[in-house]
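Grab a pencil and have a go at the exercises below. Try each task yourself before you read its solution.

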Amino acid sequence: MPNDRAIDVERIVREFCKLEPMFIPDLNLTGKPLLGLFSPALNAILVNDCCIDVRQRFTIAHEIGHVQLEHRQGNASSLFGPETLEIFGCTEEDEDLSSMDEVRAESQAKLRRVKEIRANKFASHLLMPGGLVRQVWREERANLEQVASALMVSKEALGYRLNSVGLS
Ligand SMILES: [Zn+2]
């Protein structure tokens, strides 16, 4: 359970996204470890249960990003199943012979990377809204460790967010 200041990301998944987060030990796709995975088929967000809490929270927020930013407009996910992975394993899409075209493959890889970056930005904003970050930053007298702990995010993630709200 989050403290009284951190965003309750699991509650957002359940009540807003109507998805059930599932915590799976050693989550992987054909042996390749994954941090998280959104499965439209299961209507679930799968999270690697072996990661530390703040990592799991970021992964959940990241997967919500995929749900919000891509799934509803996307066409690829309905064709290829769960393709919005935190770490991309060998998916059906990877083994699609029509992607022998290297130029096309390269542009698809770039598109994936762009999607991942967008999901990360979404997660960062969801877990660390600007107003909340500024408030806790004041309350904790600009102590990075204490602000990260209050918001239940990693110091690294907080560092990037502080930069984007002009506090670092
Ligand atoms: Zn992702």
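**Exercise 1. Strand pairing.** In which sense do strand β1 and β5 pair, and over how many bridges?

*Solution.* A word on the ground rules before we begin. This is a predicted model, where local features need pLDDT of at least 70, side-chain atom pairs count only at pLDDT 80 or more, and totals for chains, interfaces and linings use all residues. Residues are numbered from 1 along each chain as its sequence is written.

Step 1: find the strands. Helices (H or I, at least four residues) and strands (E, at least two) are DSSP runs, numbered from the N terminus. The chain has seven helices and five strands, in the order α-β-β-β-β-β-α-α-α-α-α-α.

Step 2: check the pairing. Strands pair if DSSP finds at least two bridges between them. β1 (residues 20-24) and β5 pair in the parallel sense, over five bridges. One partnership to look up is Met22 with Leu46 of β5.

Step 3: look at another neighbour of β5. Strand β4 (residues 36-39) runs antiparallel to β5, with four bridges joining them. Here Leu37 has Leu46 as its bridge partner.

Step 4: see how covered β5 is. A residue is buried if 20 or more other C-beta atoms (placed from the backbone) lie within 10 Å of its own, exposed if 12 or fewer, and partly exposed in between. In β5 (residues 44-48), four of the five residues are buried. Across the 168 residues of the chain, buried ones make up 27%.

**Exercise 2. The two sides of a helix.** Which residues of helix α7 are buried, and which are exposed on the other side?

*Solution.* Step 1: go to residues 155-164, where Ala157, Leu158 and Arg161 are buried. They sit on the same side of α7 because they cover an arc of only 95 degrees around the axis. That arc is taken from the directions from the helix axis to the C-beta atoms.

Step 2: turn to the other side of α7, where Lys155, Glu156 and Asn163 are exposed.

Step 3: zoom in on one of them. Lys155 counts as exposed because it has 12 C-beta neighbours inside 10 Å. Leaving out residues up to four places away in sequence, Lys155 touches Leu144, Glu145 and Ala148 (contact means C-beta atoms, placed from the backbone, within 7 Å).

**Exercise 3. The core.** Which residues touch the most other members of the largest nonpolar core?

*Solution.* Step 1: know what to look for. A nonpolar core is a set of buried Ala, Val, Leu, Ile, Met, Phe, Trp, Tyr and Cys residues joined through C-beta atoms within 7 Å.

Step 2: pick out the best-connected members. Of its 29 residues, Leu127, Leu151 and Val153 touch the most others. The largest share, six residues, comes from α2.

Step 3: follow one member. Not counting residues up to four places away in sequence, the contacts of Leu127 include Phe58, Ala61, Leu151 and Val153.

**Exercise 4. Unusual phi angles.** Which sign does phi have at Lys18 and at Arg141?

*Solution.* Step 1: recall the background. Most residues other than glycine have a negative phi.

Step 2: read off the angles. Lys18 is not a glycine, yet has a positive phi of about 55 degrees. Arg141, also not a glycine, has a positive phi of about 50 degrees.

Step 3: place them. Lys18 is in the loop between α1 and β1, and Arg141 is in the loop between α5 and α6. Lys18 counts as exposed because it has 8 C-beta neighbours inside 10 Å.

Terms used. Contact = placed C-beta atoms within 7 Å.
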